[in-house]
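Reader: I would like to go through the terms used for this model and hear what each one rests on. Please set the values against the definitions.

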Amino acid sequence: MGFSASGRTVLITGAAMGMGRLFARLAAADHAAAVVLWDIDAAALERTAQELRESGCTVRAQVVDVADLESVRTAAAEVRRAFGRPDVLVNNAGVVRGKYFWDHDHESDTKFVMDVNTLAPMYVANEFLPAMIEDPLRECRIVNIASAAGTVATPRMAVYAASKWAVLGWSDSLRLELVQAGHGHVKVTTVCPSYISTGMFDGVKNPLFAPILSPEDVTARSWRAMQQGKPLLMLPRSLYLSRVAKAVLPVRVWDRLADRLGVYRSMDAYTGRVQAPTA
């Protein structure tokens with residue numbers, strides 16, 4: 001039998017809307033004992049929490065700025081007091097900026113994206129990993145949402161790509177460290193999806209062989225991969241081929257191919273919603 005969230009505590013970041021809300025629904029459908037929702041949007045967070053409560057699920061909604069270490073520490077301490085520690089952690093929160101690198105503002109763009117996408121998953125995971133490691137008889141799961149942008153360079157998203165390359169490298173290294181140190185009961189799944197129709201990437205044109213993904217499909221497949229303890233999930237499957245092609249082809253040949261496939265022009269008409277950094 002595969003891993004189940006039944007009777008367990010699940011914590012999801014970026015849980016107020018989009019994929020975060022869908023992950024919360026999956027946790028409830030999997031009969032989680034408690035679902036902890038973290039997000040900075042208090043109003044949307046409460047709407048998601050109320051939806052889950054109406055389904056009979058125990059919910060704890062916390063307004064957390066995952067880019068702020070003190071905010072993470074405070075919220076994590078509350079979770080530990082209430083539930084001990086989560087059995088499933090989904091690092092889902094993410095932001096994007098779609099413009100040339102030199103048009104990025106240091107604070108509101110570059111630092112903001114790196115803080116939310118790269119440092120926040122590390123902050124959150126490290127708050128709960130010691131307790132996860134301490135109990136070898138109880139399996140735990142960590143899901144880190146990276147991106148196809150963490151495997152293939154794409155113009156007009158240099159900082160976003162950098163943040164997701166970092167997540168991919170950290171997440172898979174963490175997986176290996178846990179195995180090497182004898183903590184195989186804590187399994188890490190890294191998810192690298194292409195463009196998803198959540199609003200974050202409105203206006204993008206999908207590359208050939210990489211259709212725009214539905215958030216419902218991505219979350220459902222990510223949840224299954226988590227249950228199976230799968231190390232890496234890339235969506236769509238064509239990303240596995242592009243990863244191989246990029247590795248074996250000369251750079252200029254790959255560049256021509258990627259350009260013809262539409263990868264390098266996919267962000268040209270980007271209009272997605274811009275998430276503002278907090279004060």
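**Terms and grounds**

Author: The largest cavity holds about 30 Å³ of space. The model is a predicted one.

Reader: What makes that space a cavity, and which residues line the largest cavity?

Author: A space is called a cavity if a 1.4 Å probe fits but cannot get out. A search of the whole structure with a threshold of 30 Å³ or more finds one. Its lining consists of Thr-13, Val-66, Asn-91, Asn-92, Ala-93, Val-116, Ala-120, Pro-121 and Val-124. Helix α4 (residues 106–134) gives the largest share of that lining, four residues.

Reader: How many of the residues lining the largest cavity are nonpolar, polar and charged?

Author: Six are nonpolar, three are polar and none is charged. Ala, Val and Pro count as nonpolar, and the lining includes Val-66, Ala-93 and Pro-121, so these three fall in the nonpolar group.

Reader: How do you know that β2 and β3 pair?

Author: Two strands pair if there are at least two bridges between them. Five bridges join β2 (residues 34–39) to β3, so the two strands count as paired. They run parallel, and Val-36 stands opposite Arg-60 in β3.

Reader: Why is the sheet called open, and which strands are its edges?

Author: The seven strands of the open sheet follow the order β3-β2-β1-β4-β5-β6-β7, with parallel pairing. The edge strands are β3 (59–63) and β7 (232–235), and each of them pairs on one side only. From one strand to the next, the twist averages 15 degrees.

Reader: What makes helix α2 a helix that packs on the sheet, and which strands does α2 touch?

Author: Contact means heavy atoms within 4.5 Å. Helix α2 (residues 42–54) touches β2 and β3, and its direction makes about 175 degrees with that of β3. Helix α6 (residues 215–228) lies across β1 (9–13), β4 (88–91), β5 (140–145), β6 (186–193) and β7, and runs at about 160 degrees to β7.

Reader: Which values describe the packing of α3 and α4?

Author: Two packed helices are described by the angle between their axes and the distance between the axes. For helix α3 (residues 69–83) and α4, the angle is about 30 degrees and the axes are 10 Å apart. The crossing is right-handed. From α3, the contact takes in Leu-69, Val-72, Arg-73, Ala-76, Val-79 and Arg-80; from α4, Tyr-123, Val-124, Glu-127 and Phe-128. Seven of these residues are nonpolar, none is polar and three are charged. Arg and Glu count as charged, so Arg-73, Arg-80 and Glu-127 belong to the charged group.

Reader: Where is the cis peptide bond, and what is its omega?

Author: The cis bond joins Leu-235 and Pro-236, with omega at about -5 degrees. Pro-236 lies in the loop between β7 and α7 (238–248).

How values were computed
Residues numbered from 1 in each chain as written. Predicted model: local features only at pLDDT ≥ 70, side-chain atom pairs only at ≥ 80, totals over all residues. Heavy atoms only, no water. Axes fitted to C-alpha atoms, helices over the stretch in contact; angles between N-to-C directions. 1 Å grid on protein atoms, 1.4 Å probe; cavity = no way out; pocket = protein on both sides within 12 Å on 5 of 7 lines; lining within 4 Å. Points joined across faces, edges and corners; volume = space filled by probe spheres on them. Left-handed = near helix turned anticlockwise from the far one by under 90°.
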